[in-house]
Number of protein chains: 2
Amino acid sequence: MNDSGNDNDEDAGRPAPDGPPAPSRRKDARRNKAALLDAAAAAFVVSGVDAPVRDIAARAGVGVGTIYRHFPTRADLIVAVYRHQVDACAEAGPALLADSASPHTALGRWIDQFVDFLATKHGLAAALHSDDTGFDTLHAYFIDRLVPVCAQLLEAAAAAGEIRPDIDAYELMRGVGNLCIGADTDARYDPRRLVGLLIAGLRRT
Amino acid sequence: MNDSGNDNDEDAGRPAPDGPPAPSRRKDARRNKAALLDAAAAAFVVSGVDAPVRDIAARAGVGVGTIYRHFPTRADLIVAVYRHQVDACAEAGPALLADSASPHTALGRWIDQFVDFLATKHGLAAALHSDDTGFDTLHAYFIDRLVPVCAQLLEAAAAAGEIRPDIDAYELMRGVGNLCIGADTDARYDPRRLVGLLIAGLRRT
DNA sequence: TGCGAAAACGGAACCGTGTTCCGTATCGTT
DNA sequence: AACGATACGGAACACGGTTCCGTTTTCGCA
């Protein structure tokens, strides 16, 4: 359940001009960062990604200042907590394309996987689409990792003549993400069905 | 543009056990309520439906206590501001059904109208799907007014054999609402296209 | 017109959260 | 051991929602 385990000591940040950005010289800093990741993961499960800063700090046994030092914005913390899962999702794209009967099937499965991920994280989908500038990093990370994969799947399906060729990957991802909002607080609403409809609507006319 | 004008003095509340709930005996109360509605409408346009309570009070030239007296929750205020437009949308359903070439066309047009309404109200779509219990009234009002109309349109289209018969009106409305979130803060995202896809996905296979 | 009770008003005060700042503690090195 | 750099903690501040109560306004009635 908790896969936020800290296998890496420090940012393996995407932008990377060249080489990783120096893994903190002090042991306590590394320890606290790891403790914060665990605490945040736990807090997110019960209180959603909007869990109060003080709660997370308390769980980790550190002061609030320490959170802000390691993760200047909430988005940084969220990204750090879910990075592995987002990366796994991104990497699943090409694999599905290779294993599935058709590109459209692969696309459907990939989207399902993404929906399953989002729908189980209280408030993540909402945060992902908040216009609060503090969430820009979160925005950027998801887009950076997932949109290209989605584009690849769309392209393959379009090339196979299965779907309309004029679908924008960014817009689709954004729409799917939006559909996942509130999935965990309304028993009458299951985003999977609607996302299925959306994917069905992609088919060539 | 501003259609929040106060043509009615007081709640013509839906539930209505019997008779309207007494239109406030005092002139100042009615005047303040109207001023609050105008102020809120104006504030919503520039700051979204999350406009600070104090801002709205200041615009209306009243104290914050007066807001809470007339509109105990933010949802009550939002409902009051947009009631006319929601009602208009609800009433447009049957009319479209009568005027359109086919039920599916009517459904598409009706949904478009709803999207146009939602997409231009900063933050309304987001508030509509917030799990904050303070927004229950808002939830309830939209569902109460619009879901039955949507159900009627879906039924007609299903009866005409144009769409699958197993679509739930509530779920569809909720999905459309979700797709509208963030429409006004991201130039790359146009909910109309995705909603169109969704409606297309409804078609019988 | 004058009066008193009821209704409504206003805004200070309170609370919960995010964010900043700086004196103190810890680490790693010499 | 001593020192400088690094990191820590939490008090203090900012901000927005909400409550509460002393004051003002309205309205029916004499």
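A residue is counted as near a strand if one of its heavy atoms lies within 4 Å of it. In this predicted model, 25 residues surround DNA strand D, and the largest share of that surface, five residues, comes from α3(A). Other elements also take part: those giving two or more residues to the surface near DNA strand D are α1 (27–47) and α3 (64–70) of chain A, together with α1 (27–47), α2 (53–60) and α3 (64–70) of chain B. The closest residues are drawn from both protein chains, namely A:R26, A:N32 and A:R69 from chain A and B:R54 and B:Y68 from chain B.

By residue type, the surface near DNA strand D divides into eleven charged, seven polar and seven nonpolar residues. On the side of the nucleic acid, sugar or phosphate accounts for 53% of the atoms of DNA strand D within 4 Å of the protein, and bases account for the rest. Individual approaches to the phosphates involve both side chains and backbone. An N or O atom in the side chain of A:N32 is 2.5 Å from a phosphate oxygen of DNA strand D, and the corresponding distance for the side chain of B:R74 is 3.4 Å. For B:K27, by contrast, a backbone N or O atom lies 3.0 Å from a phosphate oxygen of the strand.

An annotation is available for part of chain A. In an unreviewed entry, UniProt places the feature "DNA-binding region" at residues 52–71 of chain A. Over this segment the chain is 75% helix and 0% strand, and the C-alpha atoms at its two ends are 14 Å apart.

The two protein chains also meet each other. In this interface, 25 residues of chain B are in contact with 25 residues of chain A. The chains bury about 2300 Å² between them, of which 61% is on carbon and sulfur atoms. Polar contact is made by 17 residue pairs between chain B and chain A, with both residues of each pair at pLDDT 80 or more. Four salt bridges are counted between the chains; one of them joins the side chains of B:R174 and A:D186, with an N to O distance of 2.9 Å.

On the side of chain B that touches chain A, α8 (169–179) and α9 (191–201) each supply at least two residues. The largest share of that side, seven residues, comes from α8(B). Its residues divide into twelve nonpolar, five polar and eight charged.

Technical notes: Residues are numbered from 1 along each chain as its sequence is written. Chains are lettered from A and ligands numbered from 1 in the order in which they are written. This is a predicted model: local features need pLDDT of at least 70, side-chain atom pairs count only at pLDDT 80 or more; totals for chains, interfaces and linings use all residues. Side-chain values use heavy atoms; hydrogens and water are left out. A polar contact is a pair of N or O atoms within 3.5 Å; within protein, one must be able to donate a hydrogen and the other to accept it, and residues adjacent in sequence count only if both atoms are side-chain atoms. Helices (H or I, at least four residues) and strands (E, at least two) are DSSP runs, numbered from the N terminus. Ala, Val, Leu, Ile, Met, Phe, Trp, Tyr, Cys and Pro count as nonpolar, Asp, Glu, Lys and Arg as charged, and the others, Gly among them, as polar. UniProt positions are given in the numbering used here, feature names are shortened, and annotations may be inferred rather than shown by experiment. Contact means heavy atoms within 4.5 Å. Buried area is the accessible area (1.4 Å probe) that two parts lose on being put together, summed over both.
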